[in-house]
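Hello,

Here is the structure I said I would pass on. My notes on what was found in it come after it.

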Amino acid sequence: MASLLLLNGPNLNLLGTREPQHYGSMTLADVEARLGELARADGHTLESFQSNAEYALIDRVQAAGQSGVDMAIINPGGLTHTSVALRDAFAGVKLPFIEIHISNIHRREPFRHHSYFSDVAVGSIIGLGPIGYELAYRAAVAHLAGRPKG
Ligand code: CA2
């Protein structure tokens, strides 16, 4: 059984309410429920956490590193393009993670083209819409299955 953590950064609580051209019509509650169902069906645990505050996400990553979470799935939102501190938190507790973006950040404004997370992520899923969360979950489980613990 694996322990997984789904993290969403600033403004992702607005999913499904605005900008459907970029982010689709699923709400964050829909995404969290879907991944929770998948994890339960597979015999894993998955906790979800969203915050608009950078420090709260950093605290959650540190706590996950100390409580034996095996892997995180994160959409850092706008912090993708700004947050050395959140990137450092993953390295600080050695928590492997998959980065997901709903929109294709490479087809958007130039300031969205760089991610502080991609080069330290296990992998990144970008631009496939909210189904990207499900793909990230499946990739996380496959990654953990292929890497013996201990
Ligand atoms: O495409 C993604 O998933 C992003 O991480 C979303 C971030 C954006 O800053 C990144 O460049 C790409 C923004 C999250 C805001 O989400 C909203 C959802 C609905 C309505 C308004 C904002």
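**The ligand and its pocket**

Sorted by class, the residues in the shell around the ligand are seven nonpolar, seven polar and three charged. That shell holds 17 residues, and the ones that come nearest to the ligand are Asn75, His81, Ile102, Ser103 and Arg112. Please keep in mind that this is a predicted model.

As to where the ligand is placed, it sits in the largest pocket. The space in this pocket comes to about 340 Å³. Its lining is made up of 19 residues, with Pro10, Asn11, Leu12, Tyr23 and Gly77 lying nearest the centre of the pocket. By class, the lining has eight polar, seven nonpolar and four charged residues.

**Polar atoms facing the ligand**

Which residues place a polar atom by an oxygen atom of the ligand? Three can be listed here:

- Arg112 does so through its side chain, with a polar atom 2.9 Å from a ligand oxygen.
- Gly78 has a backbone N or O atom 3.4 Å from an oxygen atom of the ligand.
- Asn11 has a polar backbone atom at 3.5 Å from a ligand oxygen.

On its own, the ligand would expose 510 Å², and 94% of that is buried by the protein.

**Two backbone angles**

Asn11 appears again here. Its phi is positive, at about 75 degrees, although Asn11 is not a glycine. This residue belongs to the loop that runs between β1 (3-8) and α1 (20-23). So far, then, Asn11 has come up as one of the residues nearest the pocket centre, as a backbone contact to a ligand oxygen and as a residue with positive phi.

Lys94 is also a residue other than glycine with a positive phi, in this case near 55 degrees. Where is Lys94 placed in the chain? It lies in the loop between α4 (84-93) and β4 (97-101).

Regards

Definitions and conventions
Residues numbered from 1 in each chain as written. Predicted model: local features only at pLDDT ≥ 70, side-chain atom pairs only at ≥ 80, totals over all residues. Heavy atoms only, no water. 1 Å grid on protein atoms, 1.4 Å probe; cavity = no way out; pocket = protein on both sides within 12 Å on 5 of 7 lines; lining within 4 Å. Points joined across faces, edges and corners; volume = space filled by probe spheres on them. Nonpolar A, V, L, I, M, F, W, Y, C, P; charged D, E, K, R; others polar. Near = heavy atom within 4 Å. Polar contact = N/O pair within 3.5 Å; in protein donor to acceptor, adjacent residues only side chain to side chain. Areas by Shrake-Rupley, 256 points an atom, 1.4 Å probe, with all protein chains shown as cover. Sits in = over half its atoms within 2 Å of the grid points. Helix = DSSP H or I, 4+ residues; strand = E, 2+ residues; numbered from the N terminus.
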